[in-house]
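Student: I have not looked at this structure before. Can we go through it in short questions and answers?

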Amino acid sequence: MKIALAFPGQGAQKIGLGKEFMSFPTYKKYFTQASEILGYDLFSICQSEKIHETKYTQVALFTASLATLELLELDYSKISLGFGLSLGEYTALVAGKKATFAEFLPIVEKRGRLMGEVSQKFPGKMVVTMKVPVEILTETIHEVNPKEVFICNFNTKEQIVIGGMNDSVDQVVSLLKEKGFKKLIPLKVSGAFHTPLLHEVVETLTPVIERFSFEKEIFPLLSNVTGEIHGTDFKEKLVQQIESPVKMEKMCNTLKQEGITHVLEIGCGNVVGQLVKKNQPEITPLTIDTKENLTAFKEWQKQW
C-alpha cells in the first residue's frame, strides 16, 4: 500500500466550510491563527457568500485543508507523495513541511487577492468540455481568438477545461455546439485561471516566492505545470502554474508510475479523487471532510 495526500483547488469551497470540525480544538486553532494573521474573522467569512470571492476562497480552503490534515494524526513515514489541484499544490507544500502554515498563509492570501483583482480587470470564465478532441478544441479557439481563449486544465482524456475572456469563451462554446459537442459545463469560478490573462499575478508573485526560504520536503510533491515530481526549479513552477494549464491527467499517470494505491483527499469535497479515479481506476480515492469519513479513516488507519 502506497498513499498520496491530495488537496482541493478553488471551486471546491462551499458555504459552511469549517463548521463540521470547529468543535475540535486542534482544528479551531488553524482558523484562530489565520484570523490573527489575515486581520479578519475567516470562519465567519466561510459561513457566508463571501467564501466564493477569490480573495477569501483560497485562504479558506488552504486553512480548512491543513486543519483537517492535523486531525488525521498521520504517521508521515507512511505517506509516499503529495499533490493538489491549483491552490491545492500550495497546500501540499505545507503538508510536505516545505513551509509552515503561518509563514505561507500570507503568500496564499496575496495569490488569491491578486488573482481576484486581475480577474476583475479581465472578466473571464472557465468551461469544462467533454469528449472534445484537443485538436478540434485548439482549432476552434484559433477560429475565435487564441489571445483571449486558452486550454487551462487537462483533467482526463475526455475532459478538458477552457478559459478566457467572457465573450470569446462564449463564441468558442457556440462553435463547439455547432460542431456537435453539447456537453459544455461552466465552472463556478470568478475568472479565467491558469491562462496568460493572469500574467500580471505571476510577475508580482515571482519575487515573493523567490525570496521565500523553503525547507526540504518530507515526501515528493507533484507539479501542476509538468504533472511530474517537482525538481530544483519548483519555485519557478509554483508561480508558473498560475498562468499555465493544470496537467491533472499527467499527475494521475505519475501516481500510477510511483505505485500509489490510495489517495486521501483532504479538506473539502472529492473533485480531485474523482479525477484520479477517472484517470487511474485502480487507485482508490478517499475523501476526508466530515466527521463520518474522518471516523472511517481512523478505523482504516489501524490497518496500516
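**Salt bridges, a sheet and some loops**

Tutor: At 21% relative accessibility, E217 counts as partly exposed. Keep in mind that this is a predicted model.

Student: Which residues are joined with E217 into one network by salt bridges that share partners?

Tutor: E217 takes part in a salt bridge with K98, where the closest N and O atoms are 2.8 Å apart. Salt bridges with shared partners make a single network of E217 and two further names, K98 and K216.

Student: How many residues apart in sequence are the parts that K98 and E217 tie together?

Tutor: K98 sits in the loop between helix 4 (87-95) and helix 5 (101-121). E217 sits in the loop between helix 8 (199-211) and helix 9 (234-240), so the parts tied together by the pair are separated in sequence by 119 residues.

Student: Is K98 buried or exposed?

Tutor: Buried means under 20% relative accessible area. K98 has a relative accessibility of 6%, so K98 counts as buried.

Student: How many salt bridges does a search of the whole structure find?

Tutor: K98 with E217 is one pair, and the side chains of K298 and E73 form another, at 2.9 Å from N to O. The search of the whole structure gives a total of 15.

Student: Which parts does the pair of K298 and E73 tie together?

Tutor: The two residues belong to parts 225 residues apart in sequence. K298 is in helix 12 (residues 291-301), and E73 is in a loop, so the pair links helix 12 with the loop between helix 3 and strand 2 (79-84).

Student: What is the phi of E73?

Tutor: E73 is exposed, with a relative accessible area of 64%. E73 is not a glycine, yet its phi is positive, at about 50°.

Student: Where does K97, which also has a positive phi, lie?

Tutor: K97 is not a glycine either, and its phi is about 70°. Its relative accessible area is 41%, which makes K97 partly exposed. Its place is the loop between helix 4 and helix 5.

Student: Which helices does the salt bridge of E70 and K29 connect?

Tutor: The closest N and O atoms of E70 and K29 are 3.7 Å apart. The pair ties together parts 41 residues apart in sequence, because E70 is in helix 3 (residues 54-72) and K29 in helix 1 (residues 25-38). The helices are therefore helix 3 and helix 1.

Student: Which strands stand at the edges of the open sheet of four strands?

Tutor: The sheet has antiparallel pairing and the order 4-5-3-6. An edge strand has a single partner strand, so one side of it is left without a neighbour in the sheet. The strands at the edges are strand 4 (149-154) and strand 6 (184-186).

Student: Which residue in strand 6 stands opposite V127?

Tutor: Strand 3 (residues 124-130) and strand 6 run antiparallel and are joined by three bridges. The residue of strand 6 opposite V127 is P186.

Student: Which residues does E258 touch, leaving out those up to four places away in sequence?

Tutor: E258 is in the loop between helix 10 (248-257) and strand 7 (262-266). With a relative accessible area of 33%, E258 is partly exposed. The residues in contact with E258 are K2, L81 and I229.

How values were computed: Residues are numbered from 1 along each chain as its sequence is written. This is a predicted model: local features need pLDDT of at least 70, side-chain atom pairs count only at pLDDT 80 or more; totals for chains, interfaces and linings use all residues. Side-chain values use heavy atoms; hydrogens and water are left out. Two strands pair if DSSP finds at least two bridges between them. A salt bridge is a side-chain nitrogen of Lys or Arg within 4 Å of a carboxyl oxygen of Asp or Glu. Buried means under 20% relative accessible area, exposed over 50%, partly exposed in between (1.4 Å probe, protein chains only). Contact means heavy atoms within 4.5 Å.
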